[in-house]
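Let's go through a few terms together and see how each one is earned.

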Amino acid sequence: MCDGEDPRTWFNPDAVVRSERVEIDAPAALIWEILTDLPRYGEWNPFCIAAESTLEMGAPVHMTLKSYTEPDATFPNCEYVCAFEPEKLLSWQLPYDDAWPYPARRDQIIEALGPERCAYHSTDAFLGDTGIHVMRFCGPWVKRAFDDTAQALKARAEAIHARRKEAATA
């Protein structure tokens, strides 16, 4: 799925969750720093409350996700790094498997808007023949989870950036 052709060019657009696009008063480098600091996800991320990976291409990303359908429940998830473009794109995928035939790809996109501003959004493309069915079942709660994550990332980045600017002028 991440080998060769980019699946973002051939997936069914009706089977894609898109988070809101948030503009952030912080540099793209800081967003990248936060997204790749997996041990700290539990400090700020309301959806992915724990994550572990080397973030090398093909490496597993072991996550603990908060359920948006069962209060106070969490569930494990493992996907695999398939794109890593510093300060631009961090992606992982759930490949097709006969035991779990629901492939997907998560892209987290950072767009520099200047030296101290950027934008962030994420997508989850549900791939293959089952993609549209997964979208109908999971799409609404995944959208909520991704929007919550985008807002939390914005708040964390802006707070860190303000502290660092203040410390630099002190």
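Q: What makes up the area that the protein exposes?
A: About 9100 Å² is exposed, and carbon and sulfur atoms supply 53% of it. Such areas come from the Shrake-Rupley method with a 1.4 Å probe; for residues, only the protein chains shown count as cover. A word on the source: this is a predicted model, where local features need pLDDT of at least 70, side-chain atom pairs count only at pLDDT 80 or more, and totals for chains, interfaces and linings use all residues. Residues are numbered from 1 along each chain as its sequence is written, and side-chain values use heavy atoms, leaving out hydrogens and water.

Q: Why is the protein called as compact as a globular protein of its length?
A: The secondary structure comes to three helices and eight strands, where helices (H or I, at least four residues) and strands (E, at least two) are DSSP runs, numbered from the N terminus. The radius of gyration is 16 Å, close to the 15 Å that the globule rule gives for 170 residues, so the protein is as compact as a globular protein of that length. That radius is taken over C-alpha atoms, and the rule is 2.2 Å times the number of residues to the power 0.38.

Q: What makes Phe126 a contact partner of Val142?
A: Contact means heavy atoms within 4.5 Å. Leaving aside neighbours within four places in sequence, Phe126 has contacts that include Val142, Ala15 and Pro103.

Q: How many residues apart are the partners in 54% of the contacts between residues at least 6 apart in sequence?
A: Those contacts join residues at least 24 apart.
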